[in-house]
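I opened this entry to note what I looked up, beginning with the core and moving on to the interface.

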Amino acid sequence: MMLIDTLAQGLLLGGLYALFAAGLSLVFGIMRLVNLAHGDLIILGAYLILTITTATGLNPFLAVLLAAPVMFGLGWFLQTHLLNRVLGADILPPLLVTFGLSVVIQNALLSGFSADSQKLAAGTIEAQSVDLGIVTLGVMPLLTFASAVAVVFALNQVFYRTALGRAFRATSDDQTTAQLMGIRPQNIFAIATGIALVVATIAALYLGTRANFDPSIGPARLLYAFEAVIIGGLGSLWGTLAGGIVIGMAQALGASINPEWQILSGHIAFVIVLLIRPRGLFPRAND
Amino acid sequence: MTLNRNLGLCLAFLALTALYALPAIAPRAMVQDLFGILTLLVLAMNWNLLAGFAGLVSVGQQAFVGIGAYAMFAAIILAGLDPLVGVLIGGIAAALFAVPMAFFAFRLNGAYFAIGTWVVADIARLAISQWKALGGGTGTSLPKGTAKEMAFVDQIKELLDVSSAAAADALTYWLMLSLAVGVLIASYVFLRSRMGLGLQAIRDNENAARSVGVDPVKLKALVFLLTAFGTGLCGALAFIQITRVTPDAAFSVIDWTAFVIFITVIGGIGTLPGPIVGVAVFYLLQRLLADYGTIYLIVLGCLGIAVMLFARRGLWGLFIDRTGIDLLPLTHRPPRMVASRPAAHRRSA
């Protein structure tokens, strides 16, 4: 009974990690860009929602609708003015630029909002739960997981059913040929990063309503997100969801044995999966 | 060229003499300050070898600093050894840890490698937090007076006529300075050697390098182990000075890896003098912006980004391009073409 409960909590926690990771997975799949600032961008999103809620008194779930376009714009701007300039065969410049960005965002948030922990207040929904007979689950974790599934589903629909998705896939497969067909990779990349930051804003909403956050926690979220992406396999969005669930369940299991082992067991699960399957669980065929 | 080189050697010799004489003439605060700078310099030179020459962009160097520090503390507290022996054990422990870490991380390439090393470093931090004999998550301190009872401290005390604490500072300072000089010379010799040439060939074109018989994995693994050893030594030595160790401080990604990355990038990644230039810039920034809290970190990040956008070989690379002076050149001049005249009478390059 305890085990089922732990695994169910882990599954739902995995939904949160999948939300952290989905944007990263999209960007990585399309332009092979490893964005080391992704965790800090999620935290930035959380502070943006917090600012909107305190300024207007809106519920965080509505504030996110205002925050998302801003974050899309930020993603567009970052990609066109910064990241497009360093993409190329050499992986060092994009890694270092995003690492620099991570430190800049972290410390800018620190000087703007101080190191105090903050939380997004979502009202009574935070404490509600649903009794499913075998286990009782919180409404917020369920909502998080449902959102993760919805986000992955929507991204997949965009990726495989729309003209934009076709352009994403074409650019990912062969940039030069895509250009011959009238696609501008720079624009495609900018849209992709914009979408990634919209997903990051949704992740920020759940991060901020479920637990406290402060400017320093971005890098840890980045690690969980990357573990999910790598476990899932490069470029597979459903794989990323599976990867998030693996990390979430491993953390929940570890924490149920000893609370100090939560993060450690997530990392160890990551190492074990990679030792057995170096390319992740569901690698895309052509990479 | 020869004039340049002789002048450079003379200047370097003078600077080194001044640096070694420093504890005898300068106040203790300055020695401690320089110790901190030298620590960052040693870390930066090691990371530069990894990322700039072997193409291994590690974000997990804090693992080696932390393991070096903890092994040193264990050697002192649990085994009762002299701190200097502890430092050596710290370096060896870090190198030993690098073996399984390499087995795992080398399966990941490029950007995955960066994340993989970071995760391993976090595993090391969390695992060491479970080591109750060394204080677990809250850490532990060196027994009182450990530094003063180190070997050679008494001799230095008499030689310089200072307090034991100042003598201990001088000793750790000299060791760190020697480590910095040692790493610099070793890097130069290594990179000028056949193996170093192979390493740079891999960085420039791995397939071409393999086709002429260079084994990339072997060379990269060697560099990974050697830099782990250097980083571990440096970490252990740094924590003798700090005297207190906690998992969060010893495995801090900001203190031991982020700073180091920015220093190397700003100074000039893939050049030997780069880290030295970078550490000077870092120190100036820290000094100038000391009163403004975290601003210097923001400035540092922006500088790093700007360098990557506009001058990928950093300040030192800019300097070489402008002046043509390269103090520690790693380029090998190709053998001259001899078509018309016999080569026997020519002076060889």
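I looked up the largest nonpolar core before anything else, bearing in mind that the model is predicted. The core holds 205 residues, and the members that touch the most others are Phe270(A), Tyr173(B), Met176(B), Phe224(B) and Phe239(B).

From that list I picked Phe239(B) and looked up its contacts, setting aside neighbours within four places in sequence. Phe239(B) is in contact with Val65(B), Ala69(B), Met72(B), Phe73(B) and Leu142(B). The list continues with Arg244(B), Val245(B), Ala249(B), Ala250(B) and Trp256(B).

Next I turned to the interface. The size of an interface is often given as the accessible area lost when the parts come together. For chain B and chain A, I noted about 3,500 Å² buried between them, with 82% of it on carbon and sulfur atoms. On the side of chain B, the residues that lose the most area to chain A are Tyr112(B), Ile115(B) and Trp118(B), together 17% of what that side buries. I also noted who takes part: 41 residues from chain A and 35 residues from chain B.

Then I checked the polar side of the interface. There are 5 residue pairs in polar contact between chain B and chain A, counting pairs with both residues at pLDDT 80 or more. I found 1 salt bridge across the interface. A salt bridge joins the side chains of Glu260(A) and Lys132(B), at 3.7 Å from N to O.

Which elements of chain B give two or more residues to the side that touches chain A? They are helix 5 (111–128), helix 12 (253–267) and helix 14 (295–310). Helix 5 of chain B gives the most, with 10 residues. By type, I logged that side of chain B as 27 nonpolar, 4 polar and 4 charged residues.

Definitions and conventions:
Residues are numbered from 1 along each chain as its sequence is written. Chains are lettered from A and ligands numbered from 1 in the order in which they are written. This is a predicted model: local features need pLDDT of at least 70, side-chain atom pairs count only at pLDDT 80 or more; totals for chains, interfaces and linings use all residues. Side-chain values use heavy atoms; hydrogens and water are left out. A nonpolar core is a set of buried Ala, Val, Leu, Ile, Met, Phe, Trp, Tyr and Cys residues joined through side-chain atoms within 4.5 Å. Buried means under 20% relative accessible area, exposed over 50%, partly exposed in between (1.4 Å probe, protein chains only). Contact means heavy atoms within 4.5 Å. Buried area is the accessible area (1.4 Å probe) that two parts lose on being put together, summed over both. A salt bridge is a side-chain nitrogen of Lys or Arg within 4 Å of a carboxyl oxygen of Asp or Glu. A polar contact is a pair of N or O atoms within 3.5 Å; within protein, one must be able to donate a hydrogen and the other to accept it, and residues adjacent in sequence count only if both atoms are side-chain atoms. Helices (H or I, at least four residues) and strands (E, at least two) are DSSP runs, numbered from the N terminus. Ala, Val, Leu, Ile, Met, Phe, Trp, Tyr, Cys and Pro count as nonpolar, Asp, Glu, Lys and Arg as charged, and the others, Gly among them, as polar.
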